[in-house]
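Here are some exercises to work through with the structure open beside you. Try each task before reading its solution.

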Protein chains: 2
Amino acid sequence: MAKVTPRTPSGFGEYLPGDQIEFNRLMDIIRSTYEKYGYSPIDTPDIELSEVLLAKGGGETEQQIYRFTRGRNDLSLRFDLTVPLARYAAEHENDLVFPFRRYHIGKVHRAERAQAGRFREFYQCDIDVIGSDSSIIDAEFPAVINEIFDKFGFGEFTIRINNRLVLNGFFEGIGLREVSAEVLRIIDKMEKISRDELVAELKILGLSAVQVDHVLEFTEISGTNDEVLQKLEDLKVTSEQFQSGVVKLRELVEALRTMKVPEKRFKVDLRIARGLDYYTGTVYETTLNDLPGVGSVCSGGRYDDLASHYTNTKLTGVGISIGLSRLFYKLREAGVIKATKQSLADVVLMPFGDEQMPRALKVASLLRSAGIPAILYTEPVSMKKKMKYADRMGCKYVVVIGDDETKNNTLAVKNMHNSESKSMTSSQLIEVMQREVSE
Amino acid sequence: MAKVTPRTPSGFGEYLPGDQIEFNRLMDIIRSTYEKYGYSPIDTPDIELSEVLLAKGGGETEQQIYRFTRGRNDLSLRFDLTVPLARYAAEHENDLVFPFRRYHIGKVHRAERAQAGRFREFYQCDIDVIGSDSSIIDAEFPAVINEIFDKFGFGEFTIRINNRLVLNGFFEGIGLREVSAEVLRIIDKMEKISRDELVAELKILGLSAVQVDHVLEFTEISGTNDEVLQKLEDLKVTSEQFQSGVVKLRELVEALRTMKVPEKRFKVDLRIARGLDYYTGTVYETTLNDLPGVGSVCSGGRYDDLASHYTNTKLTGVGISIGLSRLFYKLREAGVIKATKQSLADVVLMPFGDEQMPRALKVASLLRSAGIPAILYTEPVSMKKKMKYADRMGCKYVVVIGDDETKNNTLAVKNMHNSESKSMTSSQLIEVMQREVSE
């Protein structure tokens, strides 16, 4: 029979079990942390009506949407989890409890140009709060990020925070309200272009020498969080928006201190803007200190009006998103993430001959009843092949059950990490395994 | 601005957070049980190349596939997790360790005629073992099903098992090899048609009176598992296939007993065939005793050659699938599953006034550090509105933090289930919550 080459479409990836175990471990950390902060799970369809998904217009993303018709339906695969959240919140407005804290971990699809580390199908892990203006809620996100990346253990990281009110208010204060979007776009490039180029671009935009100086002075504000906040207050910008933004930034910083988020991990950074039209308040961006090339691994911010295309109710929101697929891919490439085993089970039972199978089954049941994952190896092959299986699977313990062991009611337990073998009873094995789990 | 009505496409569902929490609880039970038996996770793309997905021909399902072109690619959404498994196993043949135990929980899509309880997007939760002929492996699936449905707590259930070798061998033995598929199709209808109709249909097929009697005698075999096995042996069918099937059934029953799967929960049932061409050995079907109308909630079986369209390697397999979306929908409709809370957090902190916010933040951090999910309520509203929030969220404990409490370093903790209020310290609250979790 002619064979079809088994393969996935370009841009659609999958992992071998060892990597998948690591991927799931990270996803579990994200999920359990989101839940600990009281965020509720939702799970919306992968497919939406195009009319609904694109109510706002997809912008740049619109070209990347997988869109097709089926019967009378014009359908699209979701390209993020924010538009579905807006649709969900508007559709179920009367049934939801506000402030509505939700988390959503799911796949999204974008027909992007395929390149390394860019996927056409990837996971997003989002949390948002809908229906609260509190600065305390803005502080929950850096606290959540701190806990998640701390548990990940990929080294130190920095959560940069800013507030769009500060940016917009500052530009308003120096008479640049009309061109604030353009100025922000130029500032966004600061780390990539020279100071001279920056000045040139600002002048082309029509800024006076005084205005250029103000902008430079503003974007060059640095120091500790307290120093930056103090310098902002010292600027004496005459804009209510600006003053309100500074107050909110200070409240956010104070709340993070109260929650004992380490000071070194969050940083007021006036150069963070995060998209030009969308966000209206606090914005976040997170980078790994040792792997700056990975870029932002978690970003987000506050927006004024989430679901204006679906409802007259003004739903304010604030949230963050972790692009787990890209993060995982990059850290795996960098050798930070390494697969160590092909199964969650650390123990494999090897009965020696069919007559030992009943005992092996009993031991397997005992282990599993004690909550310990265990593999029962069933194949009638040589001991050498059996050990090769255990080795390739990355199982730490191999339990050989032969005639002698059964006669003595013991098990021959080999630790594959240090090659030590010990004879023990089933209860002793359970104790060993439970110690492993707690370590 | 004109509004677009927020809605999902017909056949695509989603739940409110309370139901989603219950759905996830069931999914977690499935996942952790699969992992305890040593099954490794995989996660394949939602989208496959149509050429690859349909290599075998989609059969009936082909009409239901969401298929579309994008650029030069002819793409399809997967309609089950078995074809992707075949593709995965063939593609990564050299990197996988056999026997390959894998679990896969994911969404699949079928453009079915929309009706209640039929979804166009639904979760399947599959486990399969590729590359082993062992009857002991066949026994793992009823053991897994037993553990999962026991933990679900939806009452008693019955796992029906049979072996296609017994069926095929029996038909071979009475000279019906050529028409065995047709006979099976008629037997499959047994519970829906009368005995007379059954006989009539078998006669139309060309069976002699003696053959009809044999078939009836065979399908009416019933009793305890031992009785059924004994009656099968007593039939003295001259077919190696039949004898081999009976031996395998007996081995399966013995292994289930050794693993202490309760005898009342598994039943050798000769009328179970599960699809006519696909399975070649053991077959499984599971029903809920109190809710027979739900139909089979978990089925599967053994197949000879999984990936013949992708590789020359003969990959034998055996597995089961739980259709979680349908099961959940049906049990929710039947009132067996009920949402009780809108968040995983059992405790909500209510600071009385902004000046109590720092203390509330501290208590929230303490609880979360102890692993206890907690919501911090941030809105400056009346106590009545605060209590309404807690009530609607289904939080069991409301912790009020006012001036008096802070002065005395206590918390006012109200149990919403029995309306009792108690004053306690943060550490006492943590103890109370930890007791809740362990209960």
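**Exercise 1. Find the residue that stands opposite B:Arg70, and place the pair in its sheet.**

Solution. This is a predicted model, so begin with what the backbone pairing shows.
- Step 1: Opposite B:Arg70 you will find B:Asn73, which belongs to strand 4 of chain B.
- Step 2: Strand 4 covers residues 73-77 and pairs with strand 3 of chain B in the antiparallel sense, over 4 bridges.
- Step 3: Now widen the view to an open sheet of 3 strands in chain B, with the order 2-4-3 and antiparallel pairing.
- Step 4: Strand 2 (47-49) and strand 3 (67-70) of chain B are the edge strands; each has a single partner strand, so one side of each has no neighbour in the sheet.
- Step 5: On average, and with direction ignored, neighbouring strands of this sheet are turned by 40° against each other.

**Exercise 2. Decide how chain A and chain B are related, and describe where they touch.**

Solution. Superpose the copies, then look at the contacts.
- Step 1: A turn of 180° with a shift of 0.0 Å along the axis lays chain A on chain B with an RMSD of 0.1 Å.
- Step 2: The two copies are therefore related as by a two-fold rotation axis.
- Step 3: Within chain A, A:Phe68 has the C-alpha nearest the axis, at 3.2 Å from it.
- Step 4: Both copies use the same surface, as 100% of the contact residues of chain A recur in chain B.
- Step 5: The contact involves 79 residues of chain A and 79 residues of chain B.
- Step 6: Sorted by class, the chain A side has 40 nonpolar, 18 polar and 21 charged residues.

**Exercise 3. Describe the overall build of chain A and its division into domains.**

Solution. Go from the whole chain to its parts.
- Step 1: Chain A contains 15 helices and 16 strands.
- Step 2: Along the principal axes, its C-alpha atoms fill a box of roughly 90 × 60 × 45 Å.
- Step 3: Of the 439 residues in chain A, 47% count as buried.
- Step 4: Among contacts in chain A with a separation of 6 or more, 68% come from residues 24 or more positions apart.
- Step 5: Domain 1 takes in 17-44 + 81-333, and domain 2 takes in 347-438.
- Step 6: The C-alpha centres of these two domains of chain A lie 50 Å apart.

**Exercise 4. Is helix 5 of chain A mostly covered or exposed, and what packs around it?**

Solution. Count first, then look for the covering elements.
- Step 1: Helix 5 spans residues 164-173 and is mostly covered, with 9 of its 10 residues buried.
- Step 2: The buried ones include A:Arg164, A:Asn168, A:Phe170 and A:Phe171.
- Step 3: Among the elements of chain A that cover them are strand 7 (157-163), helix 6 (180-188), helix 10 (240-258) and strand 9 (282-288).
- Step 4: After helix 5 comes A:Gly175, with a positive phi near 75°.

**Exercise 5. Is A:Asp126 buried or exposed, and which residues does it contact?**

Solution. Locate the residue, then survey its surroundings.
- Step 1: A:Asp126 sits in strand 6 (residues 121-130) of chain A.
- Step 2: A:Asp126 has 25 other C-beta atoms within 10 Å; the cut-off for buried is 20 or more, so A:Asp126 is buried.
- Step 3: Leaving aside neighbours within four places in sequence, A:Asp126 is in contact with A:Leu81, A:Tyr103, A:His104, A:Gly319 and A:Ser321.
- Step 4: A:Val398 is 272 residues from A:Asp126 in sequence and 40 Å from it in space, C-alpha to C-alpha.

Methods: Residues numbered from 1 in each chain as written. Chains lettered and ligands numbered in written order. Predicted model: local features only at pLDDT ≥ 70, side-chain atom pairs only at ≥ 80, totals over all residues. Helix = DSSP H or I, 4+ residues; strand = E, 2+ residues; numbered from the N terminus. Buried ≥ 20, exposed ≤ 12 C-beta atoms within 10 Å, placed from the backbone. Contact = placed C-beta atoms within 7 Å. Least-squares fit on C-alpha atoms with pLDDT ≥ 70 in both. Nonpolar A, V, L, I, M, F, W, Y, C, P; charged D, E, K, R; others polar. Domains from an automatic or database assignment. Pairing = 2+ DSSP bridges. Axes fitted to C-alpha atoms, helices over the stretch in contact; angles between N-to-C directions.
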